[in-house]
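Me: Could you walk me through this protein at the bench-side level, one question at a time?

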Amino acid sequence: APAVVWFRDDLRVSDNPALREAADSGRPVIAVYVLDDSGDTGRPLGGASRWWLHHSLAALHASLVKRGASLLLRHGDAAEEVADVVRRSGAGLLTMSRRYNRGEREQDDRAVRAAEQAGAEVSLHTAALLHEPGEVLNGDGERFSVFSPFFRALTAKGAPREPLPAPAALRGWPGPIETEELADLGLLPTEPDWSAGLGETWTPGEKGAHHRLEEFLAHRLAHYADGRDLPAAEVTSRLSPSLKFGEISPYQLWHRVQQADVPAEVRTKFLTELGWREFDYDLLDAHPDLDTVNVHRGFDAFPWADVDDEVLAAWQQGRTGVPLVDAGMRQLWHTGWMHNRVRMVTASFLIKNLRYDWRVGERWFWDTLVDADPANNAAQWQWVAGSGADAAPFFRVFNPVLQGQKFDPKGEYIATWVPELRHLDAKGRHEPWTVPSTLDADAPAYPAPIVDLKASRQEALDAYQRMRG
Ligand code: FAD
């Protein structure tokens, strides 16, 4: 009887315990992925993530074919589809990696029951996280609400397990089973096709992820501690979409980085960021409605402003007249990714200067980020809003001009994404409204700020006081 491996957010053949178990069982392997966009198990993937998924599935299929198996594709209720594959093949084993959304867990429970009823053994593996949520606890047996002690406790558990090698060969399953064509899943945008910038920027798939990791270790990691906040320096790993889809595992990353020939502080700095990902998943576990409900319920009473569609479109499209904000939003639209510092600044601008509910911005990021992640995106938006765990206090309002001057001193990042300002010097790139418009009459027009930064900051602080009072 064959083994069914249900791939989800673990689209890799190396360090994949579920695939490994199936391969080591000596059974023929049926690998399956089910696109379930019903919304029953959580929010359906956004557009940029669907683009990534398409290419990552193609890469996984190729990699499985090389090893003697292939990837079966289905579309529909994932628990039912997987149970159908188990029944039709008479499988004796079903393996998968754990998932952490409430809806996904419920679906997994259904799939497990159905597979067991069909006579298959089932096993679930920890593969996407270094720890199971709820396992890292303080001395009183409670979850941490602050990151630093959480991370200390996580690392005190010792080094994560070593990554597993990919199975060299798999026994394929010869029996006929229905599969969809990848193209028929409809994951790619059609009209308009906005994905050109994504295609120029990324190589989805396991091989692409490892290539990015090696390049990061060779050229960027040494500058990470000093440069990670500088968007023009481009020294971060850009592995976030690969981690999201599980093309690379945190175990692989952890051990490769630990072996790198850089000072220990630099390694720790990077691994701490990986720790935030763990912390955010713990938070999602404790707050299953993290993308819709404030962790600090006091924020339920926050007097958000009504959304003006034109103002929101200006933010989404990078036409706010505030250079660093526009640069970030355009980088996001063009590449599906934005530098972390600029994510904080663009989010703060929406939440504090426009006083729009953080959920409005979270949804836009969800649709446009290739790394849109149910834990990280929601947790980080709540972090900026001040409603989250260990969050920045609401009253700490980023000034996007000062942030630009500090983290993009020459305005290089701005010049890359806002060509209208390229001809200006650094001061002008950060504060184009101080430059007489006659300076370069041929340059395309750049809008005046849609909001007064100083006055809107004060209004945000007043609104915060109203909430607290
Ligand atoms: P690196 O600096 O190379 O870090 C390595 C890995 O650590 C990242 O790939 C990521 O998995 C993790 N990581 C890094 N920073 C953070 C962080 N602050 N919080 C949690 N994990 C982190 N990250 C996502 O993966 N998905 C999201 O949807 C997402 N939405 C965000 C929304 C906002 C408003 C903010 C402020 C941050 C968000 N982040 C999100 C966190 C962070 O911006 C990205 O993980 C990071 O920019 C990815 O780039 P990198 O892979 O080069 O990061």
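What follows is a short exchange about a predicted model.

Me: Happy to start with the layout. Into which domains is the chain divided?
Reply: The UniProt annotation "domain: Photolyase/cryptochrome alpha/beta", from an unreviewed entry, covers residues 1–130. Over residues 1–130 the chain is 43% helix and 21% strand. The division of the chain itself gives domain 1 (3–127), domain 2 (129–163 + 206–286) and domain 3 (297–468).

Me: Thanks! How many residues of domain 1 are in contact with domain 3?
Reply: Taken over C-alpha atoms, the centres of domain 1 and domain 3 are 38 Å apart. The two domains do touch, and on the domain 3 side 8 residues take part. The domain 1 side of this contact has 2 nonpolar, 5 polar and 1 charged. The number of residues of domain 1 in contact is 8.

Me: Now the sheet. Which are its edge strands?
Reply: The open sheet has 5 strands with parallel pairing, in the order β3-β2-β1-β4-β5. From one strand to the next, the twist averages 25 degrees. An edge strand pairs on one side only, and that description fits β3 (71–75) and β5 (121–125).

Me: Which residue stands opposite Ala3?
Reply: Strand β1 (residues 3–7) runs parallel to strand β4 (residues 93–97), and 4 bridges join them. Within β4, the partner of Ala3 is Leu93.

Me: And the helices on that sheet: at about what angle does α2 run to β3?
Reply: Helix α1 (residues 17–24) touches β1, β2 (29–35), β4 and β5, and its direction makes about 155 degrees with that of β4. Helix α2 (residues 47–66) lies across β1, β2 and β3. Its angle to β3 is about 145 degrees.

Me: Let's move to the ligand. Why does it lie between domain 2 and domain 3?
Reply: The shell around the ligand draws at least two residues from each of α9 (240–244), α11 (264–286), α14 (340–353) and α16 (376–385). The ligand lies between the two domains because both give residues to this shell: domain 2 (129–163 + 206–286) and domain 3 (297–468).

Me: How many residues surround the ligand, and which are the closest?
Reply: By residue type, the shell divides into 11 nonpolar, 7 polar and 9 charged. In total, 27 residues surround the ligand, and the closest are Thr236, Ser237, Ser240, Asn377 and Gln380.

Me: Any backbone details to check on screen? Which peptide bond is cis?
Reply: Most peptide bonds are trans. For the exception here, look at the loop between α5 (147–156) and α6 (196–201), where Pro192 lies. With omega near -5 degrees, the cis bond runs from Glu191 to Pro192.

Me: One last thing: what phi does Arg238 have?
Reply: Most residues other than glycine have a negative phi. Arg238 sits in the loop between α8 (224–227) and α9. Although Arg238 is not a glycine, its phi is positive, at about 55 degrees.

Note on methods:
Residues are numbered from 1 along each chain as its sequence is written. This is a predicted model: local features need pLDDT of at least 70, side-chain atom pairs count only at pLDDT 80 or more; totals for chains, interfaces and linings use all residues. A residue is near a molecule or strand if its C-beta atom, placed from the backbone, lies within 6 Å of it. Ala, Val, Leu, Ile, Met, Phe, Trp, Tyr, Cys and Pro count as nonpolar, Asp, Glu, Lys and Arg as charged, and the others, Gly among them, as polar. Domain bounds come from an automatic or database domain assignment. UniProt positions are given in the numbering used here, feature names are shortened, and annotations may be inferred rather than shown by experiment. Two residues are in contact if their C-beta atoms, placed from the backbone, lie within 7 Å. Two strands pair if DSSP finds at least two bridges between them. Axes are lines fitted to C-alpha atoms, for helices over the stretch in contact, and angles run from 0 to 180 degrees between N-to-C directions.
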